[in-house]
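Work through the exercises below with the sequence and the model open. Each task is followed by a stepwise solution.

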Amino acid sequence: MIANLVQLAAEEEQNPLLPPGPELLVGTIAFAIVFFFFWKKLLPNINRVLEERRAAIEGGIEEAETMKVEAQSVLEQYKAQLAEARHEAARLRQEAQEQGAALIAEMRAEGQRQREEIIAAGHAQIEADRKAAAGALRQDVGKLATDLAGKLVGESLEDHARQSRVIDRFLDELEEKAEAGR
């Protein structure tokens with residue numbers, strides 16, 4: 001009896017990799033239903049989401065490339081403006097230096113002209129003062145000479161016309177001697 005039971009159990013034991021026939025049929029039908037559901041409902045949604053994601057990624061890449069080109073264009077414009085500003089600053093600096101040099105030259109010329117005017121005015125004043133001093137000296141020397149000559153001669157030389165002639169002659173002789181001595 002035990003031998004019959006072991007034999008029965010051995011006959012009923014099947015290949016563990018193959019399920020029993022009815023289970024295989026029910027599993028295949030269930031798999032077909034799930035596969036059909038995935039194929040009709042889930043697969044189009046997954047494909048649509050993947051397509052949207054691909055389009056978004058490609059759009060983002062295209063947008064990034066567009067922004068990169070735009071940024072490069074703005075950078076080139078900025079560099080051009082910066083170069084132009086540097087050129088303008090150099091031009092203004094050069095112009096300011098030239099104006100400064102012209103102003104300095106003009107101020108030097110004005111200073112030179114004023115100096116020449118001051119020197120000329122000084123010479124004129126000196127000459128006028130010299131002439132006035134010579135005139136005053138001539139009068140004083142003439143008066144002293146007349147007084148001295150009057151005391152030497154013993155008579156008064158008060159006659160103005162005679163006095164002027166004597167003084168002028170005396171001073172002319174002194175000037176001639178002074179010029180001859182130079």
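**Exercise 1. Sort the residues lining the largest pocket into nonpolar, polar and charged, then place the pocket on the helices.**

Solution. Keep in mind that this is a predicted model.

Step 1. Sort the lining by residue class. Six residues are nonpolar, one is polar and five are charged.

Step 2. Take the volume. The largest pocket holds about 330 Å³ of space. Its lining numbers 12 residues, and those closest to the centre are Ala134, Leu137, Arg138, Leu171 and Glu175.

Step 3. Assign the lining to helices. Helix α2 spans 21–153 and helix α3 spans 160–181; each gives the lining at least two residues. The largest share is that of α2, with six residues.

**Exercise 2. State how many helices and strands the protein chain has, and how much of the chain is buried.**

Solution.

Step 1. Count the elements. There are three helices and zero strands. In sequence order the pattern reads α-α-α.

Step 2. Turn to burial. A residue counts as buried when its relative accessible area is under 20%. Of the 182 residues in the protein chain, 4% meet that condition.

Step 3. Add the surface. The protein chain exposes about 16100 Å². Carbon and sulfur atoms account for 63% of that area.

**Exercise 3. Find the residues that make the nonpolar surface patch of about 520 Å², and check the accessibility of Leu42.**

Solution.

Step 1. List the members. The patch is made by Val34, Phe37, Phe38, Leu42, Ile46 and Leu50.

Step 2. Locate Leu42. This residue lies in helix α2.

Step 3. Classify Leu42. Its relative accessibility is 30%. The partly exposed class runs between 20% and 50%, so Leu42 is partly exposed.

**Exercise 4. Examine the salt bridges of Arg113: which residues pair with it, and at what N to O distances?**

Solution.

Step 1. Recall the principle. Side chains of opposite charge can pair when their charged atoms come close.

Step 2. Take the Glu110 side. Glu110 and Arg113 form a salt bridge at 2.3 Å, N to O. Both residues lie in helix α2, three residues apart, which is about one turn.

Step 3. Take the Glu117 side. Arg113 also meets Glu117 in a salt bridge, at 2.2 Å, N to O. These two are separated by about one helical turn, because they sit four residues apart in helix α2.

Step 4. Check exposure. Glu110 has 31% relative accessibility, so it counts as partly exposed. Arg113 is partly exposed at 37%. Glu117, at 45%, is partly exposed too.

**Exercise 5. Name the network that contains Glu58, then describe the pairing of Glu58 with Arg54.**

Solution.

Step 1. Name the network. Glu51, Arg54 and Glu58 are joined into one network by salt bridges that share partners.

Step 2. Describe the pair. Glu58 and Arg54 form a salt bridge in which the closest N and O atoms are 2.7 Å apart.

Step 3. Place the pair on its helix. Both residues lie in helix α2, four residues apart, about one turn of the helix.

Step 4. Check exposure. Glu58 has a relative accessible area of 37%, so it is partly exposed. Arg54 is partly exposed at 38% relative accessibility.

Step 5. Set the pair in context. A search of the whole structure finds nine salt bridges. The Glu58–Arg54 pair is one salt bridge.

Conventions
Residues numbered from 1 in each chain as written. Predicted model: local features only at pLDDT ≥ 70, side-chain atom pairs only at ≥ 80, totals over all residues. Heavy atoms only, no water. 1 Å grid on protein atoms, 1.4 Å probe; cavity = no way out; pocket = protein on both sides within 12 Å on 5 of 7 lines; lining within 4 Å. Points joined across faces, edges and corners; volume = space filled by probe spheres on them. Nonpolar A, V, L, I, M, F, W, Y, C, P; charged D, E, K, R; others polar. Patch = residues over 30% accessible without salt bridge, like charges linked within 9 Å, V, L, I, M, F, W, Y side chains within 5 Å. Areas by Shrake-Rupley, 256 points an atom, 1.4 Å probe, with all protein chains shown as cover. Salt bridge = Lys/Arg side-chain N within 4 Å of Asp/Glu carboxyl O. Buried < 20%, exposed > 50% of the residue type's maximum accessible area, 1.4 Å probe, protein only.
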